[in-house]
Amino acid sequence: MADSVLVGQYVETHSIVHRLDPRTKLVSIVMLMLSFMMLGTGLSYVVATFFVLGLLLLSKVPVHFFWRGLRPVLFILLFTFVYNAVFTKGTILWSWFFIEVTEEGLRIGLRFVWRIILLILLASILTLTTKPLDLAYGLEKLLAPLSKLGVPVEQFSLMIVIAIRFIPTIKEELDRILLAQKARGYDLTVLSLPKRIYAYIPIIIPLLFTTIQRAEQLSYAIDARAYGNGKGRTSFKRLQFQQIDYLAGGAALLIAVILLCLKIGKV
């Protein structure tokens with residue numbers, strides 16, 4: 001189950017994307033996500049898709065990682081597509097009793113699903129190619145100007161990265177609990193969907209207990225290393241922009257501008 005989670009995992013492949021400065025990846029990913037949310041024309045979807053596929057190839061991360069990461073959201077994608085196809089008014093293509101599937105609904109549903117997939121893949125590239133500590137350090141450097149306003153940037157960066165890193169850990173704990181129940185003869189997979197949902201409720205208590213216990217152990221470990229509030233902390237690895245970072249940032253900016261121009265041209 002933990003293998004199906006993209007967020008929080010890191011896969012080392014020594015690719016160009018892995019060698020990029022975490023600040024470059026953070027700014028570029030955020031910029032691209034904002035431009036992807038404004039996709040309007042079919043050409044803009046094609047451009048965004050080819051760019052994301054190019055990033056997947058450059059990352060050299062095996063494709064099955066991305067597929068396993070998309071599997072948990074397949075139901076959400078299917079629900080989004082069906083909801084738009086049925087409840088969007090327009091030219092009716094198929095009807096059954098009160099259910100009507102429209103051409104406009106299919107088009108809008110397809111675009112919504114397409115956009116969500118692109119955003120998920122784009123976010124997964126960041127987490128799969130960036131170590132959690134590097135991500136925290138890069139986020140801390142980007143938000144450094146806010147520290148002058150009294151914002152606890154160091155603590156905020158560490159909190160974000162720990163939260164991301166804990167996602168696969170919580171999944172592993174859930175997997176262990178399910179295996180323990182299965183070993184005792186209680187297999188949730190053979191139950192019907194309503195009963196399975198109800199059966200997950202008792203699992204929440206031990207899952208919360210183990211998660212809180214891990215969080216407490218982590219806080220003790222941080223205090224034992226005299227982390228404090230994080231201010232003035234030095235780092236063995238110093239971040240420095242290279243030529244490849246400027247090229248990657250320029251390419252991301254160019255794609256964002258192209259998508260924005262396509263959006264404006266449509267309007």
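Salt bridges, a helix pair and a nonpolar patch

Mentor: Four salt bridges are counted here, a salt bridge being a side-chain nitrogen of Lys or Arg within 4 Å of a carboxyl oxygen of Asp or Glu. This is a predicted model, in which local features need pLDDT of at least 70 and side-chain atom pairs count only at pLDDT 80 or more, while totals for chains, interfaces and linings use all residues. Residues are numbered from 1 along each chain as its sequence is written, and side-chain values use heavy atoms, with hydrogens and water left out.

Trainee: What makes Glu 173 and Arg 214 a salt bridge?

Mentor: Their side chains meet at 2.7 Å, N to O, and because the limit is 4 Å, the pair qualifies. Glu 173 lies in helix H8 and Arg 214 in helix H10 (residues 201–224), so the pair ties together parts that are 41 residues apart in sequence; helices here are DSSP runs of H or I with at least four residues, numbered from the N terminus.

Trainee: Which residues are joined into one network by salt bridges that share partners?

Mentor: The network consists of Glu 173, Arg 176 and Arg 214. The side chains of Glu 173 and Arg 176 meet at 3.3 Å, N to O, and both residues lie in H8 (residues 153–183), three residues apart, about one turn of the helix.

Trainee: Why is Glu 173 called buried, and why is Arg 176 called partly exposed?

Mentor: Buried means under 20% relative accessible area, exposed over 50% and partly exposed in between, with a 1.4 Å probe and protein chains only. Glu 173 has 10% and is therefore buried, whereas Arg 176, with 45%, is partly exposed, as is Arg 214 with 32%.

Trainee: Why is H2 described as roughly antiparallel to H6?

Mentor: The axes of H2 and H6 (residues 103–128) come within 10 Å and cross at roughly 180 degrees, the axes being lines fitted to C-alpha atoms over the stretch in contact, with angles from 0 to 180 degrees between N-to-C directions. Because angles over 145 degrees count as roughly antiparallel, H2 is placed in that class relative to H6. Among the residues making the contact (heavy atoms within 4.5 Å) are Leu 26 and Phe 36 of H2 and Leu 119 and Leu 122 of H6.

Trainee: How do you know that Met 37 is exposed?

Mentor: Its relative accessible area is 51%, and because exposed means over 50%, Met 37 falls in that class. Met 37 lies in the loop between H2 and helix H3 (42–59).

Terms used. Helices (H or I, at least four residues) and strands (E, at least two) are DSSP runs, numbered from the N terminus. Angles under 35 degrees count as roughly parallel, over 145 as roughly antiparallel, 65 to 115 as roughly perpendicular and the rest as oblique.
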